[in-house]
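Please look over the sequence and the model below before reading on. The paragraphs that follow take up a surface patch, a salt bridge and a pocket in turn.

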Amino acid sequence: MKFPGSVLVSLVLFLAETAAALCLSGAYRAAGDRMWQWLTLLFALLPCALVQLSLVFIHRDVSRDRPLVLLLHLLQLGPLVRCVEVFYIYFRAGRVEEPYVSITKKRQMPKDGYSEEIEKEVGQAEGKLCTHRSAFSRASVIQAFLGSAPQLTLQLYICVLQQEITAARSIFMVLSLLSIVYGALRCNILAIKIKYDDYDVSVKPAAYLCIFMWRSFEIATRVTVLVLFSSVLQIWTLPVVLVNFFGFFFYPWILFWQSKSPFPENIEKALSRVGTTIVLCLLTFLYAGINMFCWSAVQVKLNDPDLINKSQNWYRLTVYYMLRFIENAFLLLMWYIYKTDVYLYVCAPLLVLQLLISYCMAILFMLVFYQFCHPCKKLFSSSITEGLLSCFKFLCFVCKPSTSTMLTDKAEVKCPENTDDVRSSSKTVDSLKGISHQSVSSNA
């Protein structure tokens, strides 16, 4: 049975970040910065409440008679209780014989074009641990992108305004960045396991390292760009954030309405139509929050029973990174034009170049992951290099003018040259006629 290390890492990050947020808000209160105090508390407590809701929803605690567990969730101690339960199950597994086991069938990764199907016995303890791992993975994603990402942006913005980085604030920002990167990593692993649920997927350490580097460069660059832009153009920060957020929020709903599919009813039997709508809105809310800061490996598809698009769409990935790179470059250009005296001792061109190179490094690690380290790369219909080449060919074909237009332009260019040739030849004939006429008259 696999050691539940992911559960322990999620709990440590959750507790450390929450404690750091409370300490930092206390420091803001002592300094008289009430606005920074309440914003820090808001970005700490809101995702904490959403984490409790997700854990209760996944474990179906409302329909079960567990009042003590529900009370602890109300006291924001749900992750701690769940972690204790996980390790209790883990250390007691194997001591008591289980009354029954379930048999699961998984297919191995294809070798030489063949894929074998393997039957595996899964006991009750292992099944419960799998449920807990899945619940903590989803809770880590919620904590990362609905709490840690706004928190990191806020604290970095305060550092820029006050031109000071305190020890408490720096520790808190490091914890927030680690939480975001870990949440993005769990999002990638969840996407792989959901898309390839029929296969026995094993992620190697090289894949974890590539994802970690990819997400670290991408998220750090994105947060820094947003902070720099908001520090000089506060009025335009809200429109940029709202356009990004609501664009990604309504995108799955627009695709759902275009498909004309029936409203999904199989999410949870105990939920009414209103409850299902609330759950779907929260899902798309989380999806928009992820895409605000980095590429969402999980693509929401509301007309699918699993609510996840399982197809590998290289075109969407290419368009996202191209548009995000253009947006980051544009925001940095606006910062460079309107930068204030706060950045008097900062080499602005060098900083812009470093941020753009960092984003390119994130794209490079992403390409390395999909090309060499993806655990299911043998199942791809086409590699990422082939997919990107086809995407670029398509974009070049769209931007390239049509053949008929080019032929018309060539014809218009050649016509004046032909008329000039005709005119010059007629002038030559007239001159020859004049010469002959003069020679005849002189002979006469």
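Where does Leu 75 lie? In this predicted model, Leu 75 is found in the loop between α3 and α4. The residue belongs to a nonpolar patch on the surface, together with Leu 15, Leu 68, Leu 71, Leu 74, Leu 77, Leu 80 and Val 84. Together these residues have about 770 Å² of accessible area. Two elements, α3 (67-74) and α4 (78-92), give two or more residues each to the nonpolar patch. The largest share comes from α3, with three residues.

Helix α4 also carries a salt bridge, formed by Glu 85 with Arg 82. The closest N and O atoms of this pair are 3.5 Å apart. Both residues lie in α4, with a spacing of three residues, about one turn of the helix. The structure holds four salt bridges, and the pair Glu 85 and Arg 82 forms a salt bridge within α4.

The next topic is empty space. Rolling a probe the size of a water molecule over the atoms shows where such space is left. The second largest pocket has a volume of about 810 Å³. Its lining is made of 26 residues, and the closest to the centre are Phe 43, Pro 150, Thr 153, Val 241 and Met 292.

Which elements supply at least two residues each to this lining? They are α2 (34-59), α5 (124-162), α7 (205-232), α8 (234-259) and α9 (273-293). Among them, α8 gives the most, with seven residues. The lining also draws on two domains: at least three residues come from each of domain 1 (1-105 + 119-197) and domain 2 (202-397).

What is the make-up of the lining by class? There are 21 nonpolar residues and five polar ones in the lining of the second largest pocket, and no charged residues.

Methods. Residues are numbered from 1 along each chain as its sequence is written. This is a predicted model: local features need pLDDT of at least 70, side-chain atom pairs count only at pLDDT 80 or more; totals for chains, interfaces and linings use all residues. Side-chain values use heavy atoms; hydrogens and water are left out. On a 1 Å grid over the protein atoms alone, a cavity is a set of points where a 1.4 Å probe fits but cannot get out, and a pocket is an open set with protein on both sides within 12 Å along at least five of seven lines; lining residues have an atom within 4 Å of a point. Grid points are joined across faces, edges and corners, and a volume is the space filled by probe spheres set on the points. Helices (H or I, at least four residues) and strands (E, at least two) are DSSP runs, numbered from the N terminus. Ala, Val, Leu, Ile, Met, Phe, Trp, Tyr, Cys and Pro count as nonpolar, Asp, Glu, Lys and Arg as charged, and the others, Gly among them, as polar. Domain bounds come from an automatic or database domain assignment. Patches are made of residues with over 30% relative accessible area and no salt bridge: like charges are joined within 9 Å, nonpolar side chains (Val, Leu, Ile, Met, Phe, Trp, Tyr) within 5 Å. Accessible areas come from the Shrake-Rupley method with a 1.4 Å probe; for residues, only the protein chains shown count as cover. A salt bridge is a side-chain nitrogen of Lys or Arg within 4 Å of a carboxyl oxygen of Asp or Glu.
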